[in-house]
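Open the model in your viewer and colour the chain from one end to the other. Then follow the stops below in order.

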Amino acid sequence: MGKYLAGLWLTIVAPFIGMIVIGGPDGGVVDHLVLHIAMIILGAISLWILVRLRRTVAHAGRTPSRGIGITCVILLVVQVLFLIDNAGEAAALIRKGGFHLGEAIVHDPLHYAAAWITPNAFMLANLGVLVLSVQLLVVSRRLRAVPVAPEAD
């Protein structure tokens, strides 16, 4: 489960920190359209990781995984919203000319609607990864503390 958690940190939390460092979509370091394309790719990877983590937790047997499973489902919904909104913003950028668009794109209705949801979904996803991290830490500690009883024949 640790490798899935590390993957989520790399595909959700690290890009969020990177966005803060470069100053967001208007930071000038990365083109706005390139940023949305990168976020779509990272969002798709994070969905794959979440599905794999959910399957792993569901088949873990005695692992107390109900809370982890619920958090995974919530994160899946948030990441789907994130993907849809980034795709909407990218579509608006492509429709208006693609690379190097200035402030005019901010007033496009499609971009405006998607841009309202994307940062909120991004922050909810980060919060979800933090909650999932704590849950996995607690579960792993519990599993180490509980001795495995031999099966009775």
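The tour starts with the whole chain and then goes to helix pairs, rings and single residues.

**Stop 1: the whole chain**

Keep in mind that this is a predicted model. Show the chain as a cartoon. How many helices and how many strands does the chain have? There are four helices and zero strands. Trace the chain along its sequence and you read the pattern α-α-α-α.

Now show the surface. The chain has 153 residues, and 38% of them count as buried. Think about contacts too. Take the contacts in the chain with a separation of 6 or more: 77% of them join residues 24 or more positions apart.

**Stop 2: helix 1 and helix 2**

Select residues 2-22, which are helix 1. Add residues 32-58, which are helix 2. Look at the two axes: they come within 8 Å and cross at roughly 155°. An angle over 145 degrees counts as roughly antiparallel, so helix 1 is roughly antiparallel to helix 2. The crossing of these two helices is left-handed.

Turn on side chains where the two helices meet. From helix 1, the contact includes Tyr4, Gly7, Leu8 and Thr11. Ile12, Pro15, Met19 and Ile22 of helix 1 take part too. From helix 2, select Leu35, Met39, Leu42, Ile45 and Ser46. Then add Ile49, Leu50, Arg52, Leu53 and Thr56, also on the helix 2 side of the contact. Colour this selection by class. The contact of helix 1 with helix 2 has 13 nonpolar, four polar and one charged residues.

**Stop 3: tryptophan 48**

Stay in helix 2 and select tryptophan 48. Is tryptophan 48 buried or exposed? Its relative accessibility is 54%, so tryptophan 48 counts as exposed. Add leucine 8 to the selection. Leucine 8 and tryptophan 48 are 40 residues apart along the chain, and their C-alpha atoms are separated by 9.9 Å.

**Stop 4: helix 2 and helix 3**

Hide helix 1. Keep helix 2 and select residues 66-95, which are helix 3. At what angle do helix 2 and helix 3 pack? The angle is about 160°, and the axes are 9 Å apart. Helix 2 and helix 3 are therefore roughly antiparallel to each other. Their crossing is left-handed. Colour the contact by class again. Between helix 2 and helix 3 you find 21 nonpolar, seven polar and two charged residues.

**Stop 5: the rings**

Show the aromatic side chains. A search of the whole structure finds two aromatic pairs. Select phenylalanine 16 and phenylalanine 122, which form one edge-to-face pair. The ring centres are 5.2 Å apart, with 85° between the planes.

Where does each ring sit? Phenylalanine 16 lies in helix 1 and phenylalanine 122 lies in helix 4, residues 109-145. The pair therefore ties together parts that are 106 residues apart in sequence. Phenylalanine 16 is partly exposed, with a relative accessible area of 22%. Phenylalanine 122 is buried, at 7%. Add Phe82 to your selection: ring pairs link Phe16, Phe82 and Phe122 into a cluster.

**Stop 6: asparagine 126**

Move along helix 4 to asparagine 126. Its relative accessible area is 8%, so asparagine 126 is buried. What is asparagine 126 in contact with, leaving aside its neighbours within four places in sequence? The answer is Ile12, Val13 and Phe16. You have already selected Phe16, a member of the ring cluster.

**Stop 7: alanine 114 and aspartate 85**

Still in helix 4, select alanine 114. Alanine 114 is buried, with a relative accessible area of 6%. Not counting residues up to four places away in sequence, alanine 114 touches Asp85, Gly88 and Glu89. Pick the C-alpha atoms of alanine 114 and glutamate 89. They are separated by 5.8 Å, while the two residues are 25 apart along the chain.

End on aspartate 85, which is found in helix 3. Is aspartate 85 buried or exposed? Aspartate 85 is buried, with a relative accessible area of 7%. Beyond residues up to four places away in sequence, aspartate 85 touches Ala114, Ile117 and Thr118.

Conventions. Residues are numbered from 1 along each chain as its sequence is written. This is a predicted model: local features need pLDDT of at least 70, side-chain atom pairs count only at pLDDT 80 or more; totals for chains, interfaces and linings use all residues. Side-chain values use heavy atoms; hydrogens and water are left out. Axes are lines fitted to C-alpha atoms, for helices over the stretch in contact, and angles run from 0 to 180 degrees between N-to-C directions. Angles under 35 degrees count as roughly parallel, over 145 as roughly antiparallel, 65 to 115 as roughly perpendicular and the rest as oblique. A crossing is left-handed if the near helix is turned anticlockwise from the far one by less than a right angle, and right-handed if clockwise. Ala, Val, Leu, Ile, Met, Phe, Trp, Tyr, Cys and Pro count as nonpolar, Asp, Glu, Lys and Arg as charged, and the others, Gly among them, as polar. Rings of Phe, Tyr and Trp (its six-membered ring) pair if their centres lie within 6.5 Å; planes under 30 degrees apart count as stacked, over 60 as edge-to-face and the rest as tilted. Buried means under 20% relative accessible area, exposed over 50%, partly exposed in between (1.4 Å probe, protein chains only). Contact means heavy atoms within 4.5 Å.
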